[in-house]
Amino acid sequence: MDFGLRTAVTDGLGLAFSRNGAVFAGLNAAAQLVSLLLVAVATTQQLPVATGATLGPVAGVPIGESIPTALTALTVGLTTVFSAIVTTPITIITIRTFVDGATDTIPAVHLFGHLGRATVRGLGASLVIGVLVIGGFLLSFLVPVGIGIGVHLVAGQVGLLPEWLGIIAIVLLSITSFVGMLVGALLLYVHLMFVMHEISVRNRSIVDSLRGSWDIARGHRLKLGVLSVGLILVQSTVSSVGTPNQLSDPSVAQSFSSSVPQLLLLPIGVVITAFVTTLSAAIIARAYAEITAVDAVGGQRSDLNSGDGPSSSETGANTDESHDADVEPAA
């Protein structure tokens with residue numbers, strides 16, 4: 001089933017400005033603010049100077065000096081893992097609610113429908129996608145550059161070709177690899193943009209969610225590509241302006257933490273960034289709902305609860321608040 005970009009954007013805006021949109025924006029803002037503060041603390045922490053009490057050496061670190069870079073990197077890495085564990089269930093609930101089209105309340109099935117299993121699968125899928133993206137970058141860049149270097153060596157050593165031709169080959173292939181890297185990254189993102197949706201809504205495994213997302217994007221690459229580029233540009237612009245991405249740099253974090261105006265502006269920037277993140281999630285969820293023919297008003301897809309208990313379609317449950325009839329759960 002095809003989908004309209006305008007419809008997805010319009011529906012996403014409606015969801016982002018709804019009560020549920022405000023809830024998810026608040027949750028994303030809180031999680032992001034905590035992560036930023038943890039990173040700032042990790043990168044600016046110093047060992048205290050002894051005052052009265054005897055403080056022995058700690059792992060060879062001189063007293064009063066900054067914690068070593070390796071330890072800081074480890075702390076930032078642990079903070080990133082903590083953030084992923086916290087934000088993944090929020091993302092899953094957000095996807096389920098927005099795909100369902102609920103605006104006022106979050107249905108209980110979206111909160112408790114195999115949330116733990118979906119979170120584990122979501123974390124695993126994120127790791128797999130990260131490996132795929134890094135591998136794709138390396139292949140799309142190193143292969144053309146390697147060919148150019150080979151041509152250059154052949155031209156210089158064998159003498160069959162002028163050496164300048166090898167230099168031109170390296171330059172042209174480097175440009176080609178850069179463009180190919182961007183195009184490949186966009187295509188990979190488009191084909192994998194619904195992995196979390198397949199896990200959250202259809203309760204699929206990591207492998208099946210990868211396949212499902214790839215199949216869903218097939219036939220809609222152009223529209224999804226335009227949608228993705230627009231959302232990435234908006235998110236990147238707002239994030240770079242609204243939140244200090246350089247907090248992992250100790251010098252930047254130190255000056256930032258000592259500036260009262262910047263500290264006061266930090267929550268505002270985080271809130272704006274969280275809203276844009278929520279808006280993007282809503283738009284992508286509506287695109288997913290249209291492509292997969294998910295009802296925008298009715299209950300969650302029946303395969304969310306497959307294998308463990310009754311589904312929304314089996315019980316006749318409805319997320320619309322106006323439906324106040326009691327439904328007997330299926331056996």
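Biologist: Why is the pairing of Arg202 with Glu198 called a salt bridge?

Modeller: In this predicted model, the closest N and O atoms of Arg202 and Glu198 are 3.3 Å apart. A salt bridge requires a side-chain nitrogen of Lys or Arg within 4 Å of a carboxyl oxygen of Asp or Glu, and therefore the pair, at 3.3 Å, qualifies. Side chains of opposite charge can pair when their charged atoms come close.

Biologist: What makes the positions of Arg202 and Glu198 in helix H7 suit such a pairing, and how far apart are they along the helix?

Modeller: They are 4 residues apart in helix H7, which covers residues 195-202, so about one helical turn separates them. An α-helix has 3.6 residues a turn, so residues three or four places apart point the same way.

Biologist: How do you know whether Arg202 and Glu198 are buried or exposed?

Modeller: The cut-off for buried is under 20% relative accessible area. Arg202 has 15% and is therefore buried, and Glu198, at 0%, is buried by the same cut-off.

Biologist: Which residues make up a network of salt bridges, and what makes it a network?

Modeller: Glu198, Arg202 and Arg204 are linked in this way. Besides its bridge to Arg202, Glu198 meets the side chain of Arg204 in a salt bridge of 2.8 Å, N to O. Arg204 has a relative accessibility of 28%, and because partly exposed lies between 20% and 50%, Arg204 is placed in that class.

Biologist: How many salt bridges does a search of the whole structure find, and why is the pair of Asp215 and Arg218 counted as one?

Modeller: The search finds 3 salt bridges. The closest N and O atoms of Asp215 and Arg218 are 3.3 Å apart, and because the limit is 4 Å, this pair is counted. Asp215 has 44% relative accessibility and Arg218 has 46%; both values lie between 20% and 50%, so these two residues are partly exposed.

Biologist: Why is H7 called mostly covered?

Modeller: In H7, 8 of its 8 residues are buried, and they are Val195, Met196, His197, Glu198, Ile199, Ser200, Val201 and Arg202.

Biologist: What makes Asn203, which follows H7, stand out in its backbone?

Modeller: Asn203 has a positive phi of about 60° although it is not a glycine, and its place is in the loop between H7 and H8. With a relative accessible area of 9%, which is under 20%, Asn203 is therefore buried. His114 also has a positive phi, near 55°, in a residue other than glycine, and it lies in the loop between helix H4 and H5. At 18% relative accessibility, under the cut-off of 20%, His114 is therefore buried.

Biologist: What makes H1 a helix with a buried side, and where do its buried residues lie around the axis?

Modeller: The buried residues of H1 are Ala8, Gly12, Leu15 and Ala16. They cover an arc of only 95° around the axis, so they lie on the same side of H1.

Biologist: How do you know whether the length of H1 agrees with what is expected of a helix?

Modeller: H1 has 12 residues and reaches 16 Å from its first C-alpha to its last, which is close to the 16 Å expected at 1.5 Å a residue.

Biologist: Which residues touch the most other members of the largest nonpolar core?

Modeller: This core has 36 residues, of which Val99, Phe194 and Leu224 touch the most other members. Several helices give two or more residues to it, including H1, H3, H5 and H7, while the largest share, 9 residues, comes from H11. Leaving aside residues up to four places away in sequence, Leu224 touches Phe3, Val190, Met193, Phe194, Ala217 and Ile291. There is also a second, separate core of 5 residues, among them Leu36, Leu266, Val270 and Ala274.

Biologist: How many helices and strands are in the protein, and what share of its residues is buried?

Modeller: The protein has 12 helices and 0 strands, and buried residues make up 36% of its 331 residues. Among contacts with a separation of 6 or more, 72% join residues 24 or more positions apart. The protein exposes about 17,600 Å², and carbon and sulfur atoms supply 70% of that area.

Definitions and conventions:
Residues numbered from 1 in each chain as written. Predicted model: local features only at pLDDT ≥ 70, side-chain atom pairs only at ≥ 80, totals over all residues. Heavy atoms only, no water. Buried < 20%, exposed > 50% of the residue type's maximum accessible area, 1.4 Å probe, protein only. Core = buried A, V, L, I, M, F, W, Y, C linked by side-chain atoms within 4.5 Å. Contact = heavy atoms within 4.5 Å. Expected span 1.5 Å × (residues − 1). Arc of directions from axis to C-beta. Areas by Shrake-Rupley, 256 points an atom, 1.4 Å probe, with all protein chains shown as cover.
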